[in-house]
2 protein chains.
Amino acid sequence: MLIVQKYGGTSVANLERMRAVAERIIKYKKEGHDIVVVVSAMAGETDRLIHLAKQIISNPPPRELDLLISTGEQISSALLSIMLYSLGYPSISFLGFQIPIYTTDLFNKARIKEIKGEKIKNELYQGKIVVVAGFQGVTEKGDITTLGRGGSDTTAVALAAALKADLCEIYTDVEGVYTADPRIVRNARKLKKISYEEMLEMASSGAKVLEMRSVELAMIYKVPLIVKSSFINSEGTLITEEDEEMEKVLVSGITYSRNEARISIYGVPDRPGVAAQIFGPIGENGIIVDMIIQTARPDGKADLSFTVPRTDYKQTLEIIKEVGKTLGAEKVEGDDKIAKVSIVGAGMRTHSGVATKMFSTLAKHNINIMMISTSEIKLSCVIDEKYTELAVRALHEAFQLENEVYIKEEN
Amino acid sequence: MLIVQKYGGTSVANLERMRAVAERIIKYKKEGHDIVVVVSAMAGETDRLIHLAKQIISNPPPRELDLLISTGEQISSALLSIMLYSLGYPSISFLGFQIPIYTTDLFNKARIKEIKGEKIKNELYQGKIVVVAGFQGVTEKGDITTLGRGGSDTTAVALAAALKADLCEIYTDVEGVYTADPRIVRNARKLKKISYEEMLEMASSGAKVLEMRSVELAMIYKVPLIVKSSFINSEGTLITEEDEEMEKVLVSGITYSRNEARISIYGVPDRPGVAAQIFGPIGENGIIVDMIIQTARPDGKADLSFTVPRTDYKQTLEIIKEVGKTLGAEKVEGDDKIAKVSIVGAGMRTHSGVATKMFSTLAKHNINIMMISTSEIKLSCVIDEKYTELAVRALHEAFQLENEVYIKEEN
């Protein structure tokens, strides 16, 4: 098999851990697999470099910042390659520009456009273990770019797709994908298998185990993805195409996010073009809106609430206060002490009653629902932040996620 | 003017010093010059990275080592560019592969083959200050190389040659080139001007202020070179083509080196091919021989002495003991407690008496001369290491180097 393995920053935090990683890679190599390894920077290194730049100026020029922070992965990939060599296994490390991994020129959050696989295939053919610096790429002009936080996951999946690898393994500091955050729910269960769609919804609603973009890529190119621990020898979670078994699971997991804030604007004219007037200036400032709820009132006006990343809360509030004046809004206010709790499951497509159970469970614990949003396989409620843990635990129990429960066939 | 400035590791050791460097660059920019800056890694960084690799294995694979250590200059050049930007001056930093600076594929000590100047000229034309990561290049295959210790000096001179710069300034932690090491000779005098040839001889015989290769390059491409302090505002030393004034100076400086060891092999057959038999195996092991002295004896045999870098002493002694057996030598022995003291001066070409004065000065202080070697403008004596300082001071005084002394016209 051709396997792409990705190791995160904590897995290569020091030479001792790097040695353990090298030994694991060699185990697979000995079994006869071809191995391509993607590494992140040693834990703390990227932050150290960003801090250096920000000591000079709070907004360093993005091109120079990418040149600076891409050294983190350059160091870890070279060291891992040296480690493999020291254990008797021929190895070669490549930077993004050497492969090349072509990206857009949006520095600090570039997107991969194309990966040339020939160089890597050549080295694999010669029996070498290929180590690739994650998180980085190069523009066609030859400038170094980085892919944004969690970018090494994306590098790994994109490489697996380009090389038509049989498997992409993401080694990290958790054992897999759980039915809920194990720090909050004691009896949270590790999932053996989950569909790309479910994983996407979980990632977008707060599960931090994988970067959304890497899951999207895996889904598009049908790359089987395994998330597992680099410290403990356990099975991990397989993320793959939906199968019959998955469809029979009503709810796969509960997620939460405390990274959002709510903004509300009351009493705006209920006519076409108003939404564009409100969300135009937000988008122009690069702020991403998540949930949007609009209610028409009997008096011909409308109330509008939406959520944005908490870090953008103040800026958004300023913008909307301005917009509110133009539109003659009655009131603009917001709240950054909110949480979004979500339930995700492929079975929701075909079964009703999930929403009711969610609402009644929250109600039973006196938790007020501020906003609701739904997708085909997800249901999210915005609640007061202080109820986060309570809500997650209550929902986990209500949907009996500690056990594998399949939907009963209805007659 | 187009000026290439090079700043060493101590000049950019931290953000505070980097700021001082940036301010100096801006001063030149304001005067209307086009500036290309070459930087070394922040002091200590290259050693830190090499130490990391050597903790894994004592001889890391050279290609991976170059990938690792080239990050030092990548970090300092990006930070300096960010610093210039923060002070309001548009700037862009380039790595070796981006320019590109093509080198041979001899990792860890690659040689520059070609530099493409277009990218840099383009950015200069747009008014930007161009920062270049020193010490690194790229092979035509796309592998990153480094140029060996002191390689950033070479980068600077090679860039100055490629860009046809008017001047190349090397900023370092000393104020210029002195008549002798100021730590040994109190009244050593800073030279205002010295010829490429003299500088080469001084560098090859122990003066550490400039890497030999950079002086060679400057000489070939006639790049005027200035060595000056990045901490003190003083004039520095200009290294340029020999002129009439220089010719009139008998001796420009005294240098010394404690990095050598002597090996002697006695009683070998005095016939053609013997020298090849002795020096063949040394060269094959990559050991560079400096001085060689051969004496024919009345009995038809010969004695041979030579010097090698002190770090290669033990290995060379082993090799020569083997060779000695094959040749039926009477004895093989060596000494690694030696020093080489040299006097350098363009005026030696046309004036005799320099050697006599050197020998008699050493004799006056009871310093025994073990070996002598000469070049057109240099005279070196190997002596017991413990007399190094005494010899340097005595010669400095004997040739009156504390003052500018010109050769008197002889009638």
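## Notebook: a predicted two-chain model, mostly chain B

I started with helix α1 (residues 15-30) of chain B, which lies across β1, β2 and β6 (129-133) of chain B and runs at about 155 degrees to β2(B). α4(B) packs on the sheet as well, touching β2, β3 and β6 of chain B, and its direction makes about 165 degrees with that of β6(B). A reminder to myself before going on: this is a predicted model.

**Entry: the sheet under those helices**

I traced the strands next. They form an open sheet of eight, in the order β3-β6-β2-β1-β9-β11-β12-β10 (chain B), and the pairing is mixed. At the edges I found β3 and β10 (193-195) of chain B, each pairing on one side only. Direction ignored, neighbouring strands of this sheet are turned by 20 degrees against each other on average.

I then looked at one pair in detail. Strand β1 (residues 2-7) of chain B and strand β2 (residues 34-39) of chain B run parallel and are joined by six bridges. Within that pair, Gln5(B) stands opposite Val37(B) in β2(B).

**Entry: how α1 meets α4**

What angle do α1(B) and α4(B) make where they pack? I read about 60 degrees, with the axes 9 Å apart. Angles of 65 to 115 degrees would count as roughly perpendicular and those under 35 as roughly parallel, so α1(B) is oblique to α4(B). The crossing of α1(B) past α4(B) is right-handed.

I listed the residues that meet. From α1(B) they are Met18(B), Arg19(B), Val21(B), Ala22(B) and Ile25(B); from α4(B) they are Leu79(B), Leu80(B), Met83(B) and Leu84(B). Sorted by class, this contact has eight nonpolar residues, no polar ones and one charged.

**Entry: Ile25(B)**

I picked Ile25(B), in helix α1 of chain B, for a closer look. Is Ile25(B) buried or exposed? Buried: I find 25 C-beta neighbours inside 10 Å, and 20 or more are needed for that label.

Leaving out residues up to four places away in sequence, Ile25(B) touches Gln5(B), Ile35(B), Val37(B), Leu84(B) and Ile129(B). Two of these names were already in my notes as the facing pair, Gln5(B) and Val37(B). Leu84(B) is one of the α4(B) residues in the helix contact. Ile129(B) is a long-range partner: 104 residues separate it from Ile25(B) in sequence, while the C-alpha atoms are 8.6 Å apart.

**Entry: where the chains touch**

α4(B) turned up again when I looked at the contact between the chains. That contact takes 25 residues from chain B and 25 residues from chain A. On the chain B side, the elements giving two or more residues are α2 (45-56), α3 (62-69) and α4 (71-86). Which of them gives the most? It is α4(B), with 10 residues. By class, the chain B side has 16 nonpolar, eight polar and one charged residues.

**Entry: the other sheet I looked up**

Further along chain B, I found four strands in an open antiparallel sheet, ordered β13-β18-β20-β19. Its edge strands are β13 (253-257) and β19 (371-375) of chain B, each pairing on one side only. The twist averages 20 degrees from one strand to the next.

β13(B) pairs with strand β18 (residues 338-344) of chain B over five bridges, in the antiparallel sense. One bridge I noted puts Ser257(B) with Lys340(B) in β18(B).

I checked the helices here too. Helix α7 (residues 196-204) of chain B lies across β13, β18, β19 and β20 (378-384) of chain B, at about 170 degrees to β18(B). Helix α13 (residues 388-398) of chain B packs on the sheet and touches β13, β18 and β20 of chain B, with its direction at about 15 degrees to that of β18(B).

**Entry: backbone oddities**

Most residues other than glycine have a negative phi, and most peptide bonds are trans. I went looking for exceptions.

- The bond from Ile99(A) to Pro100(A) is cis, with omega near -20 degrees; Pro100(A) sits in the loop between β3 (91-94) and β4 (101-103) of chain A.
- In chain B, the bond from Ile99(B) to Pro100(B) is cis, with omega near -20 degrees, and Pro100(B) is in the loop between β3 (91-94) and β4 (101-103) of chain B.
- Asn108(B) has a positive phi, near 75 degrees. Its place is the loop between β4 and β5 (112-115) of chain B, and 16 C-beta neighbours inside 10 Å make Asn108(B) partly exposed.
- Lys222(B) has a positive phi of about 50 degrees. I located Lys222(B) in the loop between α8 (212-221) and β11 (225-229) of chain B; with 10 other C-beta atoms within 10 Å, Lys222(B) is exposed.

Conventions. Residues numbered from 1 in each chain as written. Chains lettered and ligands numbered in written order. Predicted model: local features only at pLDDT ≥ 70, side-chain atom pairs only at ≥ 80, totals over all residues. Contact = placed C-beta atoms within 7 Å. Nonpolar A, V, L, I, M, F, W, Y, C, P; charged D, E, K, R; others polar. Buried ≥ 20, exposed ≤ 12 C-beta atoms within 10 Å, placed from the backbone. Pairing = 2+ DSSP bridges. Axes fitted to C-alpha atoms, helices over the stretch in contact; angles between N-to-C directions. Parallel < 35°, antiparallel > 145°, perpendicular 65-115°, else oblique. Left-handed = near helix turned anticlockwise from the far one by under 90°.
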